[in-house]
Amino acid sequence: MNKMEKEQKIHRKLTIKQIIDENYKTKTFFFNEKIDIKPGQFIMLWLPEIDEKPFSLSYKKPAAVTVELKGNFTKELFKLKQGDNLFYRGPFGNGFTAYSKKAVVVAGGMGLAGVSLLIESLKNPKVIFGVKQKKDLFFTERFKMDICTDDNSIGYKGLATEKLKQLLKHEKYDVIYACGPEIMMKTLFELAEKHKIKCETSLERFMFCGIGVCGSCACGNKLVCRDGPVFSSDDLREMKDFGSYAKLKNGKKASLQEYHKYRSKRIIKTT
Amino acid sequence: MLDLSTSIAGVKLKNPTILSSGILGTSPELIKRAFENNAGAATIKSIGPKPREGNNNPSVVDFGHGLLNAIGLPSPGYKNMDMEFDELSKIKEPVIWSIYGSKIEDFVNITKYIIRYKPRIIELNISCPNKEKGMLFSQDRNCAADVTKAVKNAANDIIIIPKLSPNVTNIAEIAYACEKAGADAINAINTVQAMVINIDAKKPVLHYKKGGISGPAIKPVAVRCVYDIYENVKIPIIGTGGITNGRDAIEMIQAGASAVGIGSAVYYHGIGVFGSIVNEIKEWMQENNYNSIKELIGIAHE
């Protein structure tokens with residue numbers, strides 16, 4: 001076991017250097033150091049005596065996470081100020097495969113934070129960013145993106161998947177990357193299959209261990225934490241639960257609808 | 001011809017490796033994946049009496065010499081798992097159904113419920129943190145015997161295997177009490193009580209603070225427990241604790257195990273670890289002129 005391998009297993013201290021308000025419910029927390037990570041991998045952030053949760057990095061040097069105020073963990077995270085400490089271990093998981101070809105990246109809502117490092121690693125990718133409403137946007141200065149809103153408050157009116165469907169009528173892409181609501185990723189995967197384009201999606205499941213032993217994040221016979229969180233078309237074709245089932249914290253297999261309802265029980269109201 | 005098969009109370013295993021409870025066994029698909037990767041048998045995550053969410057994270061950490069965990073026995077509860085049970089019952093390879101409870105009645109109720117899915121083997125997780133009379137079932141020989149007897153009575157001819165805790169003074173006498181109460185085999189050991197503190201956070205790393213160690217750190221503890229149990233019982237033993245390669249497995253078998261539980265090794269080497277352990281066992285047997293696993297069981301006692 002080399003030094004880096006050893007380090008990623010033990011929780012290490014991070015200090016918050018800067019906090020940026022991205023929108024009414026989203027903040028970026030910049031840390032005091034860089035973390036060596038591949039786009040699509042994740043770290044486990046630990047707030048002692050609260051909980052530990054998986055996060056993508058939205059920046060690498062210095063490392064940062066971009067987080068939506070959602071449940072108990074993020075509520076506590078949002079209380080932290082510049083100079084406060086927290087802990088992390090990782091990186092874990094596999095990450096995206098960066099093809100040096102013509103790529104389109106589709107992000108839904110907070111999914112954009114999960115593909116930020118990917119976008120930076122690609123050469124002139126097409127980026128489509130779908131949100132419910134204008135006020136949910138972030139990183140609009142950082143990336144050149146085609147914006148879609150459900151309520152027509154800005155950009156293309158309608159779903160990001162519809163926007164891509166239109167683009168595919170006159171543009172050719174070699175790979176579709178996706179991160180966002182699973183229903184969106186399922187639609188994108190089906191679209192990719194129809195057009196015979198490679199697809200990579202980053203999945204989300206409730207996670208206990210994060211290191212490939214407990215089975216809490218199972219999707220079909222795959223573990224989101226260790227076999228994923230990024231899955232390719234070849235994986236997705238075999239994953240029966242993709243787009244349909246997820247496990248609750250107690251392990252009960254639930255429809256995605258029930259899963260989201262369960263997860264949103266803990267959601268904090270933002271205005 | 002090299003014979004890697006072994007048997008546990010009449011159930012034949014193509015090789016002595018068994019996926020341990022709590023590792024991956026949350027779904028029938030993952031159990032099938034263990035078999036596709038050459039596991040001889042596979043144990044499901046312990047089924048509980050009612051829905052239970054478990055602890056907050058961190059719940060599993062690698063502390064450098066093994067894993068420390070306190071996941072807290074999350075379970076949908078046996079009444080919410082018919083879809084999974086149905087799939088499990090279709091698997092042809094030996095599936096071990098692990099169950100837990102806080103009262104003897106819980107074990108009996110779960111057994112009576114799952115019996116319709118015709119499990120061949122039930123493992124009693126009596127080394128979990130749920131307590132009766134202020135201690136684990138497996139920390140008192142009378143408690144361990146009572147729960148074994150009650151489940152055995154409810155289970156007709158299903159093979160019953162209590163899984164014992166090493167956190168006791170004399171594990172062999174508890175194993176003996178289970179044998180007298182009708183246990184068909186013994187699994188030893190569950191995790192060893194422990195704690196790790198992060199000195200920068202100045203807090204225990206696990207959210208639950210205390211947990212149990214598995215992995216390489218506990219292998220000598222497990223070998224000693226299996227050795228002691230072997231001298232005290234006639235029923236077969238599944239030796240579990242810290243086995244990550246073929247030599248470890250052979251060591252456990254020489255101590256008296258008829259088969260070996262594989263858990264944390266999945267973390268260290270991935271799910272392909274069953275295949276590599278089996279290959280390493282095979283190579284060692286060829287080099288040392290053994291033709292069957294059965295010749296090796298307990299030979300360290302001779």
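In this predicted model, strand β8 (residues 121–125) of chain B lies beside strand β9(B), and the two pair in the parallel sense over five bridges. Within this pairing, I122(B) stands opposite I160(B) in β9(B). On β9(B) there is also a pairing with strand β10 (residues 186–188) of chain B, again parallel, and here two bridges join the strands. One residue that takes part is K163(B), whose bridge partner in β10(B) is N187(B). To pass from β9(B) to β10(B), the chain goes through helix α5 (residues 171–180) of chain B, and the resulting β-α-β crossover is right-handed.

The pairings of β9(B) can be set side by side as follows.

| Partner of β9(B) | Sense | Bridges | Facing residues |
|---|---|---|---|
| β8(B), residues 121–125 | parallel | five bridges | I122(B) and I160(B) |
| β10(B), residues 186–188 | parallel | two bridges | N187(B) and K163(B) |

How many of the six residues of strand β9 (residues 159–164) of chain B are buried? Six of the six are, and the strand is therefore described as mostly covered. The side chains are shared between two directions: I159(B), I161(B) and K163(B) point one way, while I160(B), P162(B) and L164(B) point the other way, and all of them are buried.

Looking at chain B as a whole, one finds nine helices and 16 strands. Its radius of gyration is 18 Å, close to the 19 Å that the globule rule gives for 302 residues, so chain B is as compact as a globular protein of that length. Along the principal axes, the C-alpha trace of chain B spans about 55 × 50 × 40 Å. Of its 302 residues, 57% count as buried, and among the contacts in chain B between residues at least 6 apart in sequence, 70% join residues at least 24 apart.

In soluble globular proteins, nonpolar side chains tend to be buried together. Here the largest nonpolar core holds 180 residues, of which A175(B), I186(B), A188(B), V226(B) and I229(B) touch the most other members. Leaving aside residues up to four places away in sequence, V226(B) touches A188(B), I237(B), G239(B), M252(B), A255(B), G256(B) and A257(B).

Finally, there is the meeting of the two chains, where 27 residues of chain A are in contact with 35 residues of chain B. On the side of chain A that touches chain B, strand β4 (residues 51–55) of chain A gives the most, with three residues. The residues on this side of chain A divide into nine nonpolar, eight polar and ten charged.

Definitions and conventions: Residues are numbered from 1 along each chain as its sequence is written. Chains are lettered from A and ligands numbered from 1 in the order in which they are written. This is a predicted model: local features need pLDDT of at least 70, side-chain atom pairs count only at pLDDT 80 or more; totals for chains, interfaces and linings use all residues. Two residues are in contact if their C-beta atoms, placed from the backbone, lie within 7 Å. Helices (H or I, at least four residues) and strands (E, at least two) are DSSP runs, numbered from the N terminus. Ala, Val, Leu, Ile, Met, Phe, Trp, Tyr, Cys and Pro count as nonpolar, Asp, Glu, Lys and Arg as charged, and the others, Gly among them, as polar. A nonpolar core is a set of buried Ala, Val, Leu, Ile, Met, Phe, Trp, Tyr and Cys residues joined through C-beta atoms within 7 Å. A residue is buried if 20 or more other C-beta atoms lie within 10 Å of its own, exposed if 12 or fewer, and partly exposed in between; C-beta atoms are placed from the backbone. The radius of gyration is taken over C-alpha atoms; the globule rule is 2.2 Å times the number of residues to the power 0.38. Two strands pair if DSSP finds at least two bridges between them. A crossover is right-handed if, with the strands pointing away from the viewer, the path from the first strand over the helix to the second runs clockwise.
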